[in-house]
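I'm opening a fresh page for this chain. I'll jot down each thing I look up, in the order I look it up.

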Amino acid sequence: MDSVVLLALRIGLLALLWLFILVALNVMRRDTNQAAGASQTMSPGSAFKAPRRREAAKQISIAEGPLKGSHMELGTLEECTMGRAPDCDFVTGDDYSSGHHARLFRRGSEWFVEDLESRNGTFVDGVRIDQPERVGVGSDIKLGRTTVRLMA
């Protein structure tokens, strides 16, 4: 009789362990799906942002920095260099941005930004980039202490 009770306890414990594993896997699956959905709307160290709109960017504007409020119509431009040098297409006026800091360019209907080997790096929505990164309306591009935003 004791062996029957002991066997039942072992089977019950095994079933309980499998139930725990299945619940843990389900929680991990839900967290992964939520993280994948939120990766477009969250950036490290920032608050929750609304999902990026799929509108065409029509202008760039300085959201933060010495020349806050400055903007430029993108119109039919195919590319635009940004930095503090006077020969840039979009001058930031920021001592912490490089002379030729980044390049914004169009491929089809989408815009991309790439760092031009700047000293302080280029950040898109809080993440430092090391290769061309797609940007859209509402994307924040940080050059030194200046934040440039694509607007509709």
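My entries below go from the whole chain to single residues.

**Entry 1: the overall layout**

I should say up front that this is a predicted model. I counted the elements: the chain has one helix and 11 strands. Reading from the N terminus, I get α-β-β-β-β-β-β-β-β-β-β-β, so the helix leads and the strands follow. I then looked at how much of the chain is covered. Of its 152 residues, 32% count as buried. The accessible surface adds up to about 10100 Å², and carbon and sulfur atoms own 58% of that. I also checked the contacts between residues at least 6 apart in sequence, and 40% of them join residues at least 24 apart.

**Entry 2: the helix**

Helix α1 covers residues 2-38. I looked up the UniProt record, an unreviewed entry, and it lists residues 6-25 as "transmembrane region". What does the model show over residues 6-25? That stretch is 100% helix and 0% strand, with its end C-alpha atoms 29 Å apart.

I went looking for nonpolar surface and found a patch made of Leu14, Trp18, Phe20, Ile21, Leu22, Leu25 and Met28. Together these residues have about 770 Å² of accessible area. I picked Leu22, which sits in α1, for a closer look. Is Leu22 buried or exposed? Leu22 counts as exposed because its relative accessibility is 52%, and the cut-off for exposed is over 50%.

**Entry 3: the five-stranded sheet**

Next I traced an open sheet of five strands. Its order is β4-β3-β5-β6-β9, and the pairing is mixed. Which strands are at the edges? They are β4 (90-91) and β9 (133-135), each of which pairs on one side only.

I spent most of my time on β3, residues 79-83. On one side, β3 pairs with β5 (residues 102-107) in the antiparallel sense, over four bridges. I noted two of the facing pairs: Cys80 stands opposite Leu104, and Met82 stands opposite Ala102. With β4, strand β3 runs parallel, joined by two bridges. Gly83 has Val91 as its bridge partner in β4. As for cover, four of the five residues of β3 are buried.

A reminder to myself for when I look at side chains here: in a regular strand they alternate between the two faces of the sheet.

**Entry 4: salt bridges**

Side chains of opposite charge can pair when their charged atoms come close. I found five salt bridges in the structure, and I wrote up three of them.

Glu78 and Arg106 make one, with the closest N and O atoms 3.8 Å apart. Glu78 is in the loop between β2 (71-73) and β3, while Arg106 is in strand β5, so this pair ties together parts 28 residues apart in sequence. Glu78 is partly exposed at 48% relative accessibility, whereas Arg106 is buried at 17%.

Glu79 and Arg103 make another, at 2.9 Å from N to O. Here Glu79 of strand β3 is linked to Arg103 of strand β5, 24 residues away. Glu79 is partly exposed, with a relative accessible area of 40%. Arg103 is buried, with 16%.

The third is Asp140 with Arg149, at 2.5 Å from N to O. Asp140 counts as buried because its relative accessible area is 15%, which is under the 20% cut-off. Arg149 is partly exposed at 28%. I also checked for shared partners, and salt bridges join Glu79, Arg103 and Glu114 into one network.

**Entry 5: Ala152**

I finished with Ala152, in the segment after β11 (146-151). Ala152 is partly exposed, with a relative accessible area of 42%. What does Ala152 touch, leaving out residues up to four places away in sequence? My list reads Glu55, Ala56, Lys58 and Val137. Ala56 caught my eye: Ala152 and Ala56 are 96 residues apart in sequence, yet their C-alpha atoms are 6.2 Å apart in space.

Definitions and conventions: Residues are numbered from 1 along each chain as its sequence is written. This is a predicted model: local features need pLDDT of at least 70, side-chain atom pairs count only at pLDDT 80 or more; totals for chains, interfaces and linings use all residues. Side-chain values use heavy atoms; hydrogens and water are left out. UniProt positions are given in the numbering used here, feature names are shortened, and annotations may be inferred rather than shown by experiment. Two strands pair if DSSP finds at least two bridges between them. Buried means under 20% relative accessible area, exposed over 50%, partly exposed in between (1.4 Å probe, protein chains only). Contact means heavy atoms within 4.5 Å. Patches are made of residues with over 30% relative accessible area and no salt bridge: like charges are joined within 9 Å, nonpolar side chains (Val, Leu, Ile, Met, Phe, Trp, Tyr) within 5 Å. Accessible areas come from the Shrake-Rupley method with a 1.4 Å probe; for residues, only the protein chains shown count as cover. A salt bridge is a side-chain nitrogen of Lys or Arg within 4 Å of a carboxyl oxygen of Asp or Glu.
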